[in-house]
Every structure is written in structure tokens, then in C-alpha cells.
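Student: I'd like to learn how to read a protein model without getting lost. Can you walk me through one?

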Number of protein chains: 2
Amino acid sequence: MTSPKPRIVIIGGGFGGLAAAQKLAGANVAVTLIDRRNHHLFQPLLYQVATAALSPSEVAWPIRHILRKQDNVQVLMATVVGVDINQRAVILEDGSHVPYDTLVVATGAQHAYFDKDEWEQFAPGLKTLEDATSIRRRLLLAFEAAERETNAEARRALLTFAIIGAGPTGVEMAGAVVELGRASLKDQFRNITPADLRVVLIEGADRVLLNFSPDLSAYTLKSLRDLGVEVELGQMVKAIDADGVSFGDKRLLTKTIIWAAGVAASPAAKWLDAEADKAGRVKVNADLTLPGHPEIIVVGDTASISTPEGKPVPGVAPAAKQAGAHAAQLILARLRGDASPLPFRYAHAGDLATIGKRSAVIDFGTTKLKGWIAWWVWGIAHIYFLVDFKNRIFVAMSWLWIYLTGQRSSRLITHGMATEKAPLEEVDEAG
Amino acid sequence: MTSPKPRIVIIGGGFGGLAAAQKLAGANVAVTLIDRRNHHLFQPLLYQVATAALSPSEVAWPIRHILRKQDNVQVLMATVVGVDINQRAVILEDGSHVPYDTLVVATGAQHAYFDKDEWEQFAPGLKTLEDATSIRRRLLLAFEAAERETNAEARRALLTFAIIGAGPTGVEMAGAVVELGRASLKDQFRNITPADLRVVLIEGADRVLLNFSPDLSAYTLKSLRDLGVEVELGQMVKAIDADGVSFGDKRLLTKTIIWAAGVAASPAAKWLDAEADKAGRVKVNADLTLPGHPEIIVVGDTASISTPEGKPVPGVAPAAKQAGAHAAQLILARLRGDASPLPFRYAHAGDLATIGKRSAVIDFGTTKLKGWIAWWVWGIAHIYFLVDFKNRIFVAMSWLWIYLTGQRSSRLITHGMATEKAPLEEVDEAG
């Protein structure tokens, strides 16, 4: 009789969890990947779903499809509510336990509102497909409501869009909202015009893209302003409500606010009863294992990791992928009986952000790119990194279409019809 | 001073309303098209969204985009709640009135459950994009739940799919569910296989596709059975609940039931205080005007229309388009001062239905096609009739992809995560 295969349980099918599962291909282990959603999401392009350039199925793919050829993996669509560290089992919402010999925690991050959770209803963030279609609906419904609104001030508020946070997501959203608005308002409406559109990007720091070099920040600021985005720097948001946002000593009347300012780790630290940093990320050893629990490996945005130089590892897709691959390497080393230390080494490839349709900035550290060359590199890199061959073709074609015609293909308002009382109100998205 | 332009108000942006608006291009009128959704939907391909072959944006397009170049049209996204016939105004949900000189009512049809409205929660129909993504979610969640289910009987119920009604929609859904199931279960799940899949098509009449010639019905029946669909003919549904469906003296345990059996007209007859047939369709004059109200024209599924031979005009896209175009012709004739009678003449082009991936039946009356030739004609015809050039390319490419690889691109479960209590329960879709 052969001994049973080591049971590897991975929580989360994002970049980290998926990379861990894929690097275990062919290994003599029994992998169970658990996610409460059925799809892996290519988050770097999610803002394009929110602004109607891509459709949801172009940036998401069923996890079990991605892993279908990997015989040693089983995918479970289930919600995790805890971990029994002593019994070594993941606890699912239905009360069942999934036992593990090694646990990889890759549960990612969610929005954080700096203890102002009541802001979320007025300023949704962008993490899931539902977030993206919800923001898309808010943007498109604002145009519809403005077309019907006869009061000038109310119409102005409907055509004002605030984006909070000028990191890559905020910068990309600001550019994309300007372009969605201009393309939509140009010829499709009769009472409103592109000149009525106002996009305001609000940032607490004194420059946009704080992780990039100052000259790229300056270039991005100028590009955004050339595009028509009003950029408010050094402004802390004080209040958000149904009628607008207050920052510094200013008050901006707007019906559509998008949150791109902060993320916090998933509740994994609580499950593991582990020490966390102030963003909720689990403090881990140099090899990403939980202190005192070598059988638990924490990766991606769930872990608090620093580079050897003491800089925090950023919450970006390449970092999560590298950490997931590292978890698999650690597991494979142990299977070989290799107990030598295996610290995680993060290799920073660079920072990228697009600014509207034909410009981008890329900071490779020593090399810096900006403008249309950077935009092409950004586009090719993103198509290359898409999970699936079909998605690569379709995203490339969608982009080509928008590039040539300016027409965004996915301007659908779903899960929300015109209603009297609440044209901009939400249905329960998380359902 | 010129006299004001005649105000034409069209309620509904489906095939009928859109055709009416488009045929008025260039006319010296002020058209207002009102729809509570922002998109025109290509309903003939909606079942492909429900079965994950196409994504929503491939079969829907914003109405104001379609009509953007037509200067005499304004599009309003708003919900109509009534018509003030005496004051000649459409009443919106917010209480405002939209005055008209001529009103075109093109509000379409909705599901009808033969006075058993409580069946709807267990057996959703397929009329809107939300219906389609909701059915897609139910289908995909049933596979997910079956993969986790350890009780054999419960698993069998999860992998049994019932479709009620064997008209074109029911036949097309049955074939598509078989193919979605086979492709998904083949290699992506570990505990369930394609052999576990059961698709049951239940029809009250004694043959499928009652509107087609008997030999095409027989061919379709054989094709469906070859495909593995269990077809139950002459069976009236007696009960539908959360655990299954009862028909004749049989009881089928299933967690997923799709309603393709009956439609009823929208509430337009009530708005107009007009006489209606038993399906709720407004009885109209030969020229589609409302008796006693020549300024009100009723088209598409909203109207009860017969051919000169006394056969009812079917509720299909070409009939709605022809009626919409007729409404425009009537309006244009009146503008010219031409008061001669203009009866609506319906030209029946034919009936089409696909049976799975590579077979179809087409009944042109004298000419009949079946098998793969019919499937190609069906495919080319549907791509030709898609509203938009980009959609034509993308739908053709999606089909080509499925044809070559068998992979369906849109197997996303959205607005529903794995939860303990109700893996198959719905969020409020209509929100």
C-alpha cells in the first residue's frame, strides 16, 4: 500500500493561489483549491469593465477551466469561514471541514475606508466583477439621469465624477471615465454634451502615482490635466455622502464617486489568530510561513512582506504570482526532504499605469517609459499576461475596435432599470 | 413661424419600436423613444447567453447608440406607468408627462405562467439579459453543488435539468444545456461526469415545434433524442416547486427548471383601457391602430394581429419589425395627407430553430431545411440580423471558437457566491 498523498489546500483562486496550484502540476500531492467565486479575475483590466471597454467574460475565466488538465487539483466553489489550526482543517460555511497537511492562504485584499465604512455605499471600490458592473451602471445611469434632468445644478452634479485616490487604479479610472463620457456624450444624447463632463481626481499625497518616480508622476499629472481631469493633490477626504464629497475646505457636488484609495487584507489573520500589520496583513517569516506553523504559507495581499531592503512588497499581480510560486517551491522542497531555508525573494518588474487611451507610464526602475510607447508596451504586456488564448484574441480585438472607432462595446446597464425614486440606487450586489 | 413638428412617442426599444424609429429617419417629426432599459436586446440569441456561449454585450446594444445619427430621435430611459389617452400623454413613473400627437406602443411580451405565478421563482423564463445571466448562474451553480454533494439522490437532482415548453426557445435551450453540461463536466469536475447529466424537455402538445411542419417536428424529436435529451410529449405540467416538477402522473426531481412555455403581453392594454385577447394583447384595427384612436398604433407582441387567412401573426422578431415599419409608414402617409386605408400585411419569412451545435430546422413553408445545412443558414441569418457590425464579428468569432474547441467563453457565475443556505437561491434580479 502506498502512503496517502500530502493534502495541499489553497484558499483563493486569485493570482497567488492560482500560481501555487499551477506550480504544483505533476507533483505527487492532492491539491484542493477553494474559492467562493467560480472565476479567476484579471484585476489589472477590471477598470476597463467598469468603463464599458471590455465585457466581464473578457477578464475572467472559470478557475476549474484553467486547472482542468491538472489531475492533482480539485476545485471547490465554497465560502471559507475559518481555519482549525490544531486539527489542520479549513472550515466551510456549511460546517464541513477540509483537512490539510499544508495550507496556502491566498485570500487577497478588499476595500478599506479608513474606519469610515459608511462611505462604501456612496463610493464603491473596484475589486470584483460585480463591483465593475455596478460602477459601470452608476456611470451610465448618471448620463441617463442628466439627459432627463431640467435643473442646471442637479444636472451638473450628475455629470461630475469624483475618483478618490491617485494610484494606478485611480489614474486609470480617471482617464477611462473621461473617454467613456466624451464618447457617449458626443452624439448619443440630445440635452448634454461632452463639455458638461467633469472628472475630479482627489489624492491625499502631493503627487499622483506615489510609487513611481517623481518625473513620471509629473508627466502623469500633466497628461491627466491635458485630458481634462481636474486633479486635487494634498487633499484628504473628510466626508462622503449621497450628494458629494468634502475634502480640504472644498465641497464637490457629485452623484458618482469611485473609491480607489485603500485596501485591507481579507479576514485571514483572524482565521489564523495571527499577528497582523495595520492593514490587516498577516506577519510572516522570511519564507512566507506563519510563525510557529511551518505548514501554513501566506501569500499575496494577505501577507505582510518586505524586500531585503526593507520596502514593503506591493499589492500587485506579479508579487502575488511570485509568492504563490514560492509557496509551491517550498512544498516541493519539503517533499524532496530538503529542509534548507528558502526565503522569498521578490523581484520587482516595474510599475505601469495607463493615462487614457493612448498614453501610459512605466517605471522599470532604471528604465522609464512614457507616452504612446509606454501605452503599447502596457497593452502588449497585459494581453500577454491574460490567462487564456481566447481572451487574448478578444481583448486585443476589443481594444482595436475602440482604437479605430472610439465605440465602447459594453455600455449595458444591467440589474437596474429606470425607476422613480432611485435612478442611482443599488440593488444588493453582493447577494 | 413654422408649425411645431408632429410629436411621435414610441414606447419600447425592442424590434418593433426600433424599426418604427428607424423608418422615420429623415422625416420632419420629433420622435421620442422611451424604454426602461438602456439597451436593445437581440432576443433570438438570448438562450446562448443563458448557456454561456455568448456574453451579454454580444447580443445587446445601447438604444441611443443605435439611433445616434438620427437627429429627429430622442431616447429616454424611463419607466412608463400609463397613458393619458384624452390628454394624449405618456405618464412616466416620476409623474412627468410626455405629450404625443401619435403614439406607437411596442412594449412586447413577458412570461406567463397560466395563473400559476408562484411557479416563476422555481422556473424562470428567458426574456431579459438579467433572466439570461440568472439562468446561467443557476445552471453553473447546479454543477458546482453537484461536485460537492455526497448524497447520490441529491446529486442526481442537481444534475437533472427540466425545460418546460418545446417551442423554438425550449428546443434551443435543451440542446444548448446538453452541450454546456457535456463540455463542462468532461474534464473540469472530479466527482461528476457527462454521463450524470439529464436534460428533460416537457411539452403539452403531442409534438415539438408545433408551428413547424410535422416532418420537421419528427426530425427535431429524433435529433433531440439522439443528443440525449429526454422529450416528454403530451404532458401538462401540474406542479412546480423547489424540488422538482410534476406532469401527467410523473414526478421529476430537479433543482433547475427553465420556463419556455408561455408569454403574455405587457400591461399596455390596461394603460390604453383597450379590449385584449386572452394573452393580454390589444385588439387592433387592420392598420394596427387602436379602435376609436387612430393616433395610437400598437405593434409587435403587444398587438393581437391575424393574417388575412385568419392565422395569428407569431410573436417573432420579423413580425415585430414589420409591424414597427408599418407604423412608420402609416405616420408618413398621414404626413403626406394620404388618408387611404393602409392595412398591415405580415409576410412570414419562415420558422427557424437550432438543435444543438450542428443541427437546425428551417421551415420556409414550401422549402424546408434540416441538419447541418439548416444550421449554417440559421447561423449566417442570425449574424446578418445582428444590429451592429462589431457584434457580427464578435459573435461569429465566439461561435467559431466554440465550434473549434468546444469551450464556452462566458461561464461566469456573477451576483451569486457559494453560500451555506442557498447555493441555488436568487438575488433580486429585477432590482
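Tutor: Sure, we'll go through the chain interface, the aromatic rings and then a few single residues. Keep in mind that this is a predicted model.

Student: Let's start with the interface. How many residues of chain B are in contact with chain A?

Tutor: A contact count tells you who touches whom. Here 66 residues of chain B are in contact with 66 residues of chain A. You can also ask about area: the two chains bury about 6100 Å² between them, and 56% of that is on carbon and sulfur atoms.

Student: And the charged side chains? How many salt bridges does the rule find across the interface of chain B and chain A?

Tutor: Six salt bridges turn up across that interface. One to look up is E144(B) with R64(A), whose side chains meet at 2.7 Å, N to O. Polar contacts are counted as well, and 19 residue pairs make them between chain B and chain A, both partners at pLDDT 80 or more.

Student: Which elements give two or more residues to the side of chain B that touches chain A?

Tutor: In chain B, they are the helices α3 (56-59), α4 (63-66), α5 (129-148) and α12 (389-405), along with the strands β4 (60-62) and β5 (73-77). The top contributor is α5(B), with eight residues. Sorted by class, this side of chain B has 26 nonpolar, 21 polar and 19 charged residues.

Student: Now the rings. What describes a pair of aromatic rings?

Tutor: Two things do: the distance of the centres and the angle of the planes. Over all chains, a search of the whole structure finds 14 aromatic pairs. Take W375(A) and W376(A): their ring centres are 5.5 Å apart and their planes sit at 85 degrees, so this pair is edge-to-face, as the angle is over 60. Elsewhere, ring pairs join Y113(A), W119(A) and W259(A) into a cluster.

Student: Back to that tryptophan pair. Is W375(A) buried or exposed?

Tutor: Relative accessible area settles that, with under 20% read as buried and over 50% as exposed. W375(A) comes out at 15%, so it is buried. Its partner W376(A) has 44%, so it is partly exposed. W376(A) belongs to helix α11 of chain A, residues 372-385.

Student: Can I read burial for a whole helix too? Why is helix α1 of chain A described as largely enclosed by the rest of the structure?

Tutor: You count its buried residues. Helix α1 of chain A (residues 15-23) has seven of nine residues buried, so the helix is largely enclosed by the rest of the structure. The buried ones are F15(A), G16(A), G17(A), L18(A), A19(A), A20(A) and A21(A). They pack against several elements of chain A, including β1 (7-11), β2 (30-35) and α10 (317-335).

Student: What does Q48(A) touch?

Tutor: Leaving out residues up to four places away in sequence, Q48(A) touches A53(A), L54(A), W378(A) and W399(A). Q48(A) sits in helix α2 of chain A, residues 46-50. With a relative accessible area of 8%, this glutamine is buried.

Student: One last residue: is L404(B) buried or exposed?

Tutor: L404(B) has 62% relative accessibility, so it counts as exposed. You'll find L404(B) in helix α12 of chain B. For a sense of sequence against space, L404(B) and A166(B) are 238 residues apart in sequence and 28 Å apart in space, C-alpha to C-alpha.

How values were computed. Residues numbered from 1 in each chain as written. Chains lettered and ligands numbered in written order. Predicted model: local features only at pLDDT ≥ 70, side-chain atom pairs only at ≥ 80, totals over all residues. Heavy atoms only, no water. Contact = heavy atoms within 4.5 Å. Buried area = accessible area lost by both parts, 1.4 Å probe. Salt bridge = Lys/Arg side-chain N within 4 Å of Asp/Glu carboxyl O. Polar contact = N/O pair within 3.5 Å; in protein donor to acceptor, adjacent residues only side chain to side chain. Helix = DSSP H or I, 4+ residues; strand = E, 2+ residues; numbered from the N terminus. Nonpolar A, V, L, I, M, F, W, Y, C, P; charged D, E, K, R; others polar. Phe/Tyr/Trp six-rings, centres within 6.5 Å; stacked < 30°, edge-to-face > 60°. Buried < 20%, exposed > 50% of the residue type's maximum accessible area, 1.4 Å probe, protein only.
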